[in-house]
Amino acid sequence: MRPKKTRWVKCSTAPRLFKPQAKASSPKQAIILSLDEFEAVRLLDHERFSQVQAAKQMRVHRSTISRIISSARRKIARALVGIHTLKIEGGCCKVV
């Protein structure tokens, strides 16, 4: 397997944790969203960039952005539907 190419992000690398108020979830149930997945969500869904624009911003291919955003949306949906903690950390990123 090839090593992952470094992704460039503008978001803060400070740890972020979102816990549901409805039920106490254990740390084992936490879903980890990597910084590059978080940045893809920020660019595509919040900033309304196209995949091509987001790929240029993160310095990766458009197909990579497609895979990243697909994974991120699955994780977010799983956290919301399953009432799990969502933890944003890690990934092979450099902050711009």
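Let's start with contacts across the chain: of those between residues at least 6 apart in sequence, 79% join residues at least 24 apart. Please keep in mind that what you see here is a predicted model.

Now for the overall layout. The protein chain has 3 helices and 5 strands. Walking from the N terminus, you meet them as β-β-β-α-α-α-β-β. There are 96 residues in the chain, and buried residues make up 32% of them. As for the surface, the chain exposes about 6,400 Å², and carbon and sulfur atoms supply 55% of that.

I'd like to spend the rest of my time on the helices, so let's take them in turn.

Helix 1 covers residues 35-46. How many of its 12 residues are buried? The count is 9, so helix 1 is largely enclosed by the rest of the structure. If you want to find them on the screen, the buried residues are Leu-35, Asp-36, Glu-37, Phe-38, Glu-39, Ala-40, Val-41, Leu-43 and Leu-44. Just past the end of helix 1, look for Arg-48, which has a positive phi of about 65 degrees.

Next comes helix 2, residues 51-58, where the buried residues are Ala-54, Ala-55 and Met-58. Looking down the helix axis, you would see these buried residues fall within an arc of 100 degrees, so they line one face of helix 2. Here too an arginine follows: Arg-59, just after helix 2, takes a positive phi of about 60 degrees.

Let me zoom in on two neighbours. Gln-53 sits in helix 2, and with a relative accessible area of 44% it is partly exposed. Its C-alpha atom is 10.0 Å from that of Ile-65, a residue 12 places away along the chain. And Ala-54, also part of helix 2: is it buried or exposed? Its relative accessibility is 0%, so Ala-54 counts as buried.

What does Ala-54 touch, leaving aside residues up to four places away in sequence? The answer is Leu-43, Leu-44, Phe-49 and Ile-65. For Leu-43, which is 11 residues from Ala-54 along the chain, the two C-alpha atoms are separated by 6.1 Å.

That brings us to how the helices pack. In general, two packed helices are described by the angle between their axes and the distance between those axes.

Take helix 1 with helix 3, which spans residues 62-81: they pack at an angle of about 95 degrees, and their axes are 9 Å apart. These two helices are therefore roughly perpendicular to each other. On the helix 1 side, the contact is made by Asp-36, Glu-37, Ala-40, Val-41, Leu-44 and Asp-45. Helix 3 brings Ile-65, Ile-68, Ile-69, Ser-71, Ala-72, Arg-73, Lys-75 and Ile-76. By type, the residues of this contact divide into 8 nonpolar, 1 polar and 5 charged.

Helix 2 also packs with helix 3: their axes come within 8 Å and cross at roughly 100 degrees. Helix 2 and helix 3 are therefore roughly perpendicular to each other as well. Gln-51, Val-52, Ala-54, Ala-55 and Met-58 make the contact from helix 2, with Arg-62, Ile-65, Ser-66 and Ile-69 from helix 3. This contact divides into 6 nonpolar residues, 2 polar and 1 charged.

One residue to find before we finish is Ile-65, part of the helix 3 side in the contact with helix 1 and also in the contact with helix 2. Thanks for listening!

Key:
Residues are numbered from 1 along each chain as its sequence is written. This is a predicted model: local features need pLDDT of at least 70, side-chain atom pairs count only at pLDDT 80 or more; totals for chains, interfaces and linings use all residues. Side-chain values use heavy atoms; hydrogens and water are left out. Buried means under 20% relative accessible area, exposed over 50%, partly exposed in between (1.4 Å probe, protein chains only). Helices (H or I, at least four residues) and strands (E, at least two) are DSSP runs, numbered from the N terminus. The arc is that of the directions from the helix axis to the C-beta atoms. Contact means heavy atoms within 4.5 Å. Accessible areas come from the Shrake-Rupley method with a 1.4 Å probe; for residues, only the protein chains shown count as cover. Axes are lines fitted to C-alpha atoms, for helices over the stretch in contact, and angles run from 0 to 180 degrees between N-to-C directions. Angles under 35 degrees count as roughly parallel, over 145 as roughly antiparallel, 65 to 115 as roughly perpendicular and the rest as oblique. Ala, Val, Leu, Ile, Met, Phe, Trp, Tyr, Cys and Pro count as nonpolar, Asp, Glu, Lys and Arg as charged, and the others, Gly among them, as polar.
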